[in-house]
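The following exercises concern a single protein model. Please study the sequence and the structure first, then work through each task before reading its solution.

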Amino acid sequence: MKDILNEIVEYKRIEVDRMKALRPQRLLYADVERILDGEVPSLKTALMQSDTGIIAEFKRRSPSKGWIKEEGLACDIPLEYQRNGASAVSILTDGKFFGGDDSFITEARGSGVTLPVLYKNFVVDEYQLFQARLCGASAVLLIASVLGRKECGSLLSVAHELGMEVLLELHDEHELDYVDLMPDVCGVNNRNLGTFVTDVENSFRLASMLPSDMCKVSESGISSPDTILSLRQVGFNGFLIGECFMKAENPGRELGRFVHELEKLSYKSSERGLNIKVCGLTDLGNVLDVMSLGVDMLGFIFYKDSPRYVSPERMDIICMAFDQAISSDVKPLKIGVFVDSAVDEIVTAVARFRLDGVQLHGHEDVGMLDSLRSAVSSVCGRDITIIKALCITSRADVKAGMDYCDSADMLLFDTRGKAVGGNGIHFDWSVLEAYDGKLPFILSGGIGHDDAKDLLRFSHPRLAGIDLNSRFETSPGIKNIGMLSRFINEMRVLRNKQQ
Ligand SMILES: O=C(O)c1ccccc1N[C@@H]1O[C@H](COP(=O)(O)O)[C@@H](O)[C@H]1O
């Protein structure tokens with residue numbers, strides 16, 4: 001088989017010469033000089049700080065697949081990626097082989113894309129770096145296997161002088177000496193550019209050979225959130241995904257679905273430790289204070305008989321401030337708590353308050369959960385996390401949780417008491433030994449500030465988090481921030497000692 005990479009690079013050199021003849025380098029540089037004062041967002045910072053680390057790629061065709069999305073618009077898809085949880089966007093600008101163009105980055109910027117944009121092309125000449133800067137790129141891709149080490153070093157310096165970062169792409173261990181050139185980000189390509197065959201094992205193989213403090217990206221062939229979790233464990237910060245999104249009818253929506261799956265999996269694997277849900281919030285200032293503690297989920301009770309009921313009008317105000325206050329490293333999920341509400345009512349709340357999940361605290365059966373999931377999907381175009389709460393007194397109550405294993409994403413075990421929820425009393429946690437289902441669960445029911453030690457002694461393979469509610473309040477619906485903060489710190493200290 002003819003080596004496709006060689007063919008592309010041969011053509012690229014001819015193409016660059018042609019472009020230079022049409023627009024000499026000094027004229028191009030004069031244009032670049034005019035915009036050099038303006039800054040572009042950093043790819044490295046976005047990857048190191050963001051939740052997902054996903055670099056979503058806009059790629060209309062490829063040499064191996066032909067057209068993937070010929071009708072895809074650069075003023076549409078990259079912005080949708082930004083709205084659906086990407087940390088950065090990669091835009092293919094090579095024309096002949098990938099159906100791209102530099103104008104795609106200009107169009108994406110024009111449509112409102114503020115995320116870092118990677119200029120994805122086969123850079124062999126500094127002329128292309130000027131082009132990248134001019135169209136609004138934050139970073140350029142340099143491929144070790146098509147550049148001599150010296151040539152790569154000098155392109156890297158020019159990119160830096162132009163205020164752009166470099167993602168240096170490696171494919172195998174023979175290229176590891178390029179890492180000394182100090183690129184901003186190091187990529188491991190899982191695609192053999194000669195044959196276009198992908199194998200994610202390549203990233204796992206090279207991970208330990210790269211410096212541990214280097215920002216690392218795994219590129220190509222990633223199609224499942226599970227793979228991202230495993231790649232994170234071996235030190236990857238970023239994940240470049242193109243085809244998996246571009247081949248979907250709606251790439252932005254597909255990314256949103258993928259991110260949601262990733263969030264759910266992160267909870268399941270307890271990758272973030274024991275997750276903390278603070279429930280029964282009703283006051284805007286109190287919500288912002290709780291968020292500053294770095295908790296994982298915020299619970300809002302939409303059950304009118306609860307003393308922690310939050311009205312829709314109050315919730316609108318909370319949501320507005322929540323969206324503005326949010327920074328990527330503090331992003332709790334918004335969970336709505338419902339008791340035997342109608343599906344329509346829940347779907348309306350999910351859409352209006354942009355809820356990430358719902359906690360069903362009544363007698364909702366499996367059929368209801370399935371109808372709810374499909375109604376949310378058709379109205380909101382996305383999935384939600386469904387937490388089914390079960391009231392527990394005995395091992396038999398625990399076993400009932402098994403019924404929901406294909407419909408819910410998580411269970412919540414609460415104490416059976418006089419009120420539907422929020423009774424403030426424990427149940428006997430030892431009955432949870434009877435739970436051997438596959439869903440993760442949140443432990444709930446009267447957890448208070450004096451429970452930290454017992455909680456850390458309690459272990460169960462499916463324990464994913466704890467719920468803090470009535471025993472952390474100054475009055476119903478108002479959380480005691482000092483008490484919550486001391487408890488969360490105590491849990492962290494005890495946990496670190498345990499590890
Ligand atoms: O807290 C409430 O008022 C409430 C009302 C209706 C349904 C659920 C409710 N709260 C949930 O109850 C559990 C246990 O809370 P507590 O620790 O015993 O106060 C918790 O999961 C809340 O989400």
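**Exercise 1.** Is Asp340 buried, partly exposed or exposed?

*Solution.* The model is predicted, so local features need pLDDT of at least 70 and side-chain atom pairs count only at pLDDT 80 or more, while totals for chains, interfaces and linings use all residues. Residues are numbered from 1 along each chain as its sequence is written, and side-chain values use heavy atoms, with hydrogens and water left out.

Step 1. Buried means under 20% relative accessible area, exposed means over 50%, and partly exposed lies in between (1.4 Å probe, protein chains only).
Step 2. Asp340 has a relative accessible area of 42%, so Asp340 is partly exposed.

**Exercise 2.** State what is notable about phi of Asp340 and of Met182, and locate both residues.

*Solution.* Step 1. Most residues other than glycine have a negative phi.
Step 2. Asp340, although not a glycine, has a positive phi of about 50 degrees. Its place is the loop between β13 (333–338) and α14; helices (H or I, at least four residues) and strands (E, at least two) are DSSP runs, numbered from the N terminus.
Step 3. Met182 also has a positive phi, near 60 degrees. Met182 lies in the loop between β7 (165–170) and β8 (185–189), and is exposed, with a relative accessible area of 60%.

**Exercise 3.** Classify the aromatic pair of Phe58 and Phe104, and explain what the pair connects.

*Solution.* Step 1. Rings of Phe, Tyr and Trp (its six-membered ring) pair if their centres lie within 6.5 Å; planes under 30 degrees apart count as stacked, over 60 as edge-to-face and the rest as tilted. By this rule there are 13 aromatic pairs.
Step 2. For Phe58 and Phe104, the centres are 5.6 Å apart and the planes form an angle of 70 degrees, which is edge-to-face.
Step 3. Phe58 belongs to strand β1 (residues 54–58) and Phe104 to helix α5 (residues 103–111), so the pair ties together parts 46 residues apart in sequence.
Step 4. Phe58 is buried at a relative accessible area of 1%, and Phe104 is buried at 12%.

**Exercise 4.** Repeat the classification for Phe302 and Phe353.

*Solution.* Step 1. This pair is stacked, with 5.5 Å centre to centre and 5 degrees between the planes.
Step 2. Phe302 lies in the loop between β12 (297–301) and α13 (312–325), and Phe353 in the loop between α14 (343–352) and β14 (357–360), so the pair ties together parts that are 51 residues apart in sequence.
Step 3. Both Phe302 and Phe353 are buried.
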